[in-house]
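Here is a friendly walk through one protein model, written for someone who would rather be at the bench. Have the sequence and the 3D view open as you read.

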Amino acid sequence: MAGKSFKYVIIGGGVSAGYAAREFCKQGVKPGELAIISKEAVAPYERPALSKAYLFPEGTARLPGFHVCVGSGGERLLPEWYKEKGIELILSTEIVKADLAAKTLVSAAGEIFKYHILIIATGSTVIKLTDFGVQGADAKNILYLREIDDADKLVEAIKGKKNGKAVIVGGGYIGLELSAALRINNIDVTMVYPEPWCMPRLFTAGIAAFYEGYYANKGVKIVKGTVAVGFNADSNGEVKEVKLKDGRVLEADIVVVGVGGRPLTTLFKGQVEEEKGGIKTDAFFKTSISDVYAVGDVATFPLKLYNDIRRVEHVDHARKSAEQAVKAIKSNEEGKTIDVYDYLPFFYSRSFDLSWQFYGDNVGDAVLFGDNDPASPKPKFGSYWIKDGKVVGVFLEGGTPDENKAIAKVARVQPPVENLDVLTKEGLSFACKI
C-alpha cells in the first residue's frame, strides 16, 4: 500500500492537536503539509466540557459549540476550518504501529502514513476496573468518561434511569465533577473513594472538608476509606449493586468510574526515552528522537520554575505545550531560537455554583484563609503553600478574574513570608498587594 505522506503529522485528535493546528497556521503552514490522525470521529474539541455542560439538563453544550479553541477565548475551529487551511483531518483512524526510525505510522485498517516531523499528542486513557479483573465490572451502565462517545453513553444512561441511583467510584476531578452533574439531573448520588478525603493529590484536609460538606448539603452521599470490589447485575446484564470492600452493598442504576488515567505511550515503547511514566522531552517538547515531539499528558518535561522534571495532566498545559512545540519546530526550520517553556502549573474546576483555581506547587506547609463554611451563601476561601520561607502555591474558591490573576502572580513570584500567621490574618489581601 503506497500510503500518504505529510511534512507534519499530529497523532491524536484532542485539545493539543487543535491548538497545535492553530499555531501551525499562525506560523504559515502550507496546504497539504499537515495532517491530524485521530481515532475519534470528530474534530478536536475542548474536553473539559464533557464533565460539565455536556451533561447539564438545561443550557446543554453540544458540538459544534465547544470545538477548540473556544475554551481559552479563541476562535472555534470547525471541520470546515481545517479544510480551508488545507489541513487533512483523518478521523476514526486508530494508529496501531509507529516506526519512528522509518518515520511511518500504520492504522488498524492497514493504511500507511509517512511524515517528516511527528507530534505525539495521544493523551491519556482511563484506567478501567476490568483492567484489574474486578468481579462484574463488565456489566452494562458501568461507565467511564474520556471521549465524546463516553459522554453520549452517560447522557443516555441519565435519560434512561430518570431519578435513579448512581454510584461514583473515585474522589478526584472526575468524581467530583460528575457527582455534581448527576445530582443536577436529579439522580441520587453516592461517591466512594479509599482516601481519607476527596482530591487528595491537591486538596488539604481543610480544603476537602468544605467540598465534602457542600456536596453533602446538595444531597451527595460520601463513603470514604473503602473501594468497590465487585458488581451485581440483573437479568439484562445491567448493573444493580456495588459491593464494597467493607462489606456494604450499594444500590446502583448507573456506576461512573473515575480512578485516574494513564498516558498513551505504548506505540512508542523502546523507541523514545521515557521518564516518570511519560515521554521525556526538552523545554521545546522535542523527544530523544530527532523530528519527534511529544505534548500534553504524554510529555515529561523540564519545569523551569521548580528546576524539576514533571508530567502534567491538564487542559491548560495541553494547549500551551502544543503551541510551544509548533513554535519550536518552525523556529528550528528558520534557524531562529525561542524561549524555553516556562510553565506555571494551573488547575481549575467548576461544579454546582462553585469554581476554584490553583496555581503553583502544593508542597510545604499549608495555611487556610477565608470563609470555608459549606453553608455560606457565597463562600470564598483559599490556601497558601509555603516552602523554604516562600509562598509556592495558592488555591482560591470563588475568586473574581482579578483575584485569580493575583494568586497566579503570587505563585509565579514566590514572595518571602517569615510568619505563617500573617497569611492567615491577611488572607486574600496578601495576594492582591503583590
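The notes below go through the empty spaces, two helices, two residues and the strand pairings.

This is a predicted model, so please read every value below as computed from predicted coordinates. Strand S22 is a good one to colour at the outset, since S22 supplies at least two residues to the lining of the largest cavity and also at least two to that of the second largest pocket.

**The enclosed cavity**

- The structure holds one cavity of 30 Å³ or more, and the volume of the largest cavity is about 40 Å³.
- To find this cavity in your viewer, select its lining residues: Leu176, Phe203, Tyr211, Tyr215, Ser349, Ser351 and Trp356.
- Helix H5 (205-217) and strand S22 (346-351) each bring at least two residues to that lining.
- Sorted by class, the cavity lining has five nonpolar and two polar residues, with no charged ones.

**The second largest pocket**

- This pocket has a volume of about 240 Å³.
- Its lining includes Glu46, Lys52, Asp316, Arg319 and Arg350, and five residues of the lining are charged.
- Pro48, Ala49, Phe346 and Tyr348 are also among the lining residues, and the nonpolar class has four members here.
- The polar class has three residues in this pocket; Gly71, Ser72 and Gln357 are among the residues that line the pocket.
- Which element gives the most to this lining? Strand S22 does, with three residues, and helix H6 (315-333) supplies at least two.

**Ser351, a residue of the cavity lining**

- Ser351 sits in strand S22 and is one of the residues that line the largest cavity.
- Is Ser351 buried or exposed? Its relative accessible area is 11%, so Ser351 counts as buried.
- Leaving aside residues up to four places away in sequence, Ser351 touches Leu176, Ala180 and Tyr215.
- Two of these partners, Leu176 and Tyr215, appear in the cavity lining as well, while Leu176 and Ala180 are among the buried residues of helix H4.

**Helices H3 and H4**

- Helix H4 (residues 173-184) has twelve residues and reaches 17 Å from its first C-alpha to its last, close to the 16 Å expected at 1.5 Å a residue.
- The buried residues of H4 are Gly175, Leu176, Glu177, Leu178, Ser179, Ala180, Ala181 and Leu182.
- Those buried residues pack against helix H3 (148-160), strand S9 (165-169), strand S10 (188-193), H5, strand S15 (254-257) and S22.
- Just after H4, Asn186 takes a positive phi of about 65 degrees.
- For H3, the end C-alpha atoms are 18 Å apart, which agrees with the 18 Å that its 13 residues should span at 1.5 Å a residue.
- On H3, the buried set is made up of Ile148, Asp150, Ala151, Leu154, Val155, Ala157 and Ile158, and this set packs against strand S8 (142-143), H4 and S15.

**Leu145, in the loop before H3**

- Leu145 is found in the loop between S8 and H3, and counts as buried because its relative accessibility is 8%, under the 20% cut-off.
- Not counting residues up to four places away in sequence, Leu145 touches Leu50, Ser51, Val126, Asp150, Ala151, Ile174 and Leu178.
- Among these contacts, Asp150 and Ala151 are buried residues of H3, and Leu178 is a buried residue of H4.
- Leu145 and Pro345 are 200 residues apart along the chain, and their C-alpha atoms are separated by 23 Å.

**Strand pairings**

- Strands of a sheet pair through backbone hydrogen bonds, in either a parallel or an antiparallel sense.
- Strand S4 (residues 95-99) and strand S5 (residues 104-107) pair antiparallel over four bridges, with Ala98 opposite Leu105.
- Their hairpin has four residues between the strands, and Lys103 there takes a positive phi near 55 degrees.
- Strand S12 (residues 228-233) and strand S13 (residues 239-244) are antiparallel and joined by five bridges; Gly230 has Lys243 as its bridge partner.
- The hairpin of S12 and S13 has five residues between the strands, and Gly237 takes a positive phi near 85 degrees.
- An open sheet of four strands runs in the order S17-S18-S20-S21, with mixed pairing.
- At its edges are strand S17 (274-275) and strand S21 (308-311), each pairing on one side only.
- Within this sheet, strand S18 (residues 278-280) and strand S20 (residues 299-303) run parallel, joined by two bridges, and Ile279 is partnered by Ala299.

Definitions and conventions. Residues are numbered from 1 along each chain as its sequence is written. This is a predicted model: local features need pLDDT of at least 70, side-chain atom pairs count only at pLDDT 80 or more; totals for chains, interfaces and linings use all residues. Side-chain values use heavy atoms; hydrogens and water are left out. On a 1 Å grid over the protein atoms alone, a cavity is a set of points where a 1.4 Å probe fits but cannot get out, and a pocket is an open set with protein on both sides within 12 Å along at least five of seven lines; lining residues have an atom within 4 Å of a point. Grid points are joined across faces, edges and corners, and a volume is the space filled by probe spheres set on the points. Ala, Val, Leu, Ile, Met, Phe, Trp, Tyr, Cys and Pro count as nonpolar, Asp, Glu, Lys and Arg as charged, and the others, Gly among them, as polar. The expected span of a helix is 1.5 Å times one less than its number of residues. Buried means under 20% relative accessible area, exposed over 50%, partly exposed in between (1.4 Å probe, protein chains only). Contact means heavy atoms within 4.5 Å. Two strands pair if DSSP finds at least two bridges between them.
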